[in-house]
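Me: I am in my first year and would like to learn how to read a model with care. Please take me slowly through a single part, the largest pocket, and set that part in its surroundings.

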Amino acid sequence: MPGQHSNPTIAFRPTQWERAMIEERVKASGLYKKDFIARSCIYSNIVVVGTKQRIQYLVEELRETQIVMKEITEQILSGDFSMSGESYKELKEDYLAFMITMVDILNGAAYLFDKKPDSDNRHWKEQQEIQEYCEILREDIASKNGTVEQIKNQL
């Protein structure tokens, strides 16, 4: 249907000062505002306030991930992996997003334990996106080459 998007909207109401700062940074970046905000959210440091509820949330998410991974392992070992391709893709995206977030949080908290982060996660996340983009390009080129070959065969 016209006017409907496949991706949900994420919105917030910044103060006048926050808006001015965001607008200035968007201009300086040379990106579209939506791209700037998305990249800023994904690639910036994560600040976690260590309340009991926040820690409990992280523990529950880890527990849920452990349960899901155990179920998948059991299905694979039994030869009865019943997940559809779309469900697998959704699980993969959710799992990767959660794991990347957890690694970012742990690296951000490394100073609490007088340690430095093991790695700069910003680079490996960007590399993952580049790899995915390259795969899409390869598939696009392959499909176009297939079309070219079909046209040549018809001549």
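Reply: The chain has 5 helices and 0 strands, and, read from the N terminus on, its elements follow the order α-α-α-α-α. This is a predicted model, and every value below was computed from it. Of the 155 residues in the chain, 10% are buried. Among the contacts in the chain with a separation of 6 or more, 45% are made by residues 24 or more positions apart.

With that background in place, we can turn to the part you asked about. The largest pocket has a volume of about 1000 Å³, and the elements that each give two or more residues to its lining are H1, helix H2 (33–43) and H5. In total 23 residues line this pocket, and those that lie nearest its centre are Lys34, Asp35, Ile37, Ala38 and Arg39. Among the contributing elements, H2 gives the most to the lining of the largest pocket, namely 9 residues. If we sort the lining by chemical character, the largest pocket has 13 nonpolar, 1 polar and 9 charged residues. The lining also draws on two domains, with at least three residues from domain 1 (16–115) and at least three from domain 2 (122–154).

Two of the residues nearest the centre of the largest pocket, Lys34 and Asp35, deserve a closer look, since their side chains are also partners in a salt bridge. The closest N and O atoms of Asp35 and Lys34 are 3.2 Å apart, and this pair counts as a salt bridge because the distance falls within the limit of 4 Å. Lys34 is exposed, with a relative accessibility of 63%, whereas Asp35, at 25%, is partly exposed. Asp35 is therefore not counted as buried, because that word is kept for residues under 20%.

The pair just described belongs to a wider set, for the structure holds 6 salt bridges. One of them joins Lys27 to Glu24, with 3.8 Å between the closest N and O atoms. Why can these two meet? Lys27 and Glu24 are 3 residues apart in helix H1 (residues 16–29), so about one helical turn separates them. Lys27 is exposed, its relative accessible area being 62%, while Glu24 is partly exposed at 48%.

A comparable arrangement can be found in H5, where the side chains of Glu135 and Arg138 meet in a salt bridge with an N to O distance of 2.7 Å. Here too the spacing along the chain helps, because Glu135 and Arg138 are 3 residues apart in helix H5 (residues 121–154) and are thus separated by about one helical turn. Glu135 is partly exposed, with a relative accessible area of 36%. Besides such pairs, Arg19, Glu23 and Lys33 are linked in a network of salt bridges.

Finally, it helps to set the largest pocket beside its neighbour in the ranking. The second largest pocket holds about 850 Å³ of space and is lined by 19 residues, of which Glu93, Ala97, Ile100, Glu129 and Glu132 lie nearest its centre. At least two residues of this lining come from each of H2, helix H4 (85–108) and H5, and the largest share, 9 residues, is supplied by H4. The lining of the second largest pocket consists of 7 nonpolar, 3 polar and 9 charged residues. Domain 1 (16–115) and domain 2 (122–154) each provide at least three residues of the lining of the second largest pocket, and the lining of the largest pocket likewise draws at least three from each of these domains.

Note on methods
Residues numbered from 1 in each chain as written. Predicted model: local features only at pLDDT ≥ 70, side-chain atom pairs only at ≥ 80, totals over all residues. Heavy atoms only, no water. Helix = DSSP H or I, 4+ residues; strand = E, 2+ residues; numbered from the N terminus. Buried < 20%, exposed > 50% of the residue type's maximum accessible area, 1.4 Å probe, protein only. 1 Å grid on protein atoms, 1.4 Å probe; cavity = no way out; pocket = protein on both sides within 12 Å on 5 of 7 lines; lining within 4 Å. Points joined across faces, edges and corners; volume = space filled by probe spheres on them. Nonpolar A, V, L, I, M, F, W, Y, C, P; charged D, E, K, R; others polar. Domains from an automatic or database assignment. Contact = heavy atoms within 4.5 Å.
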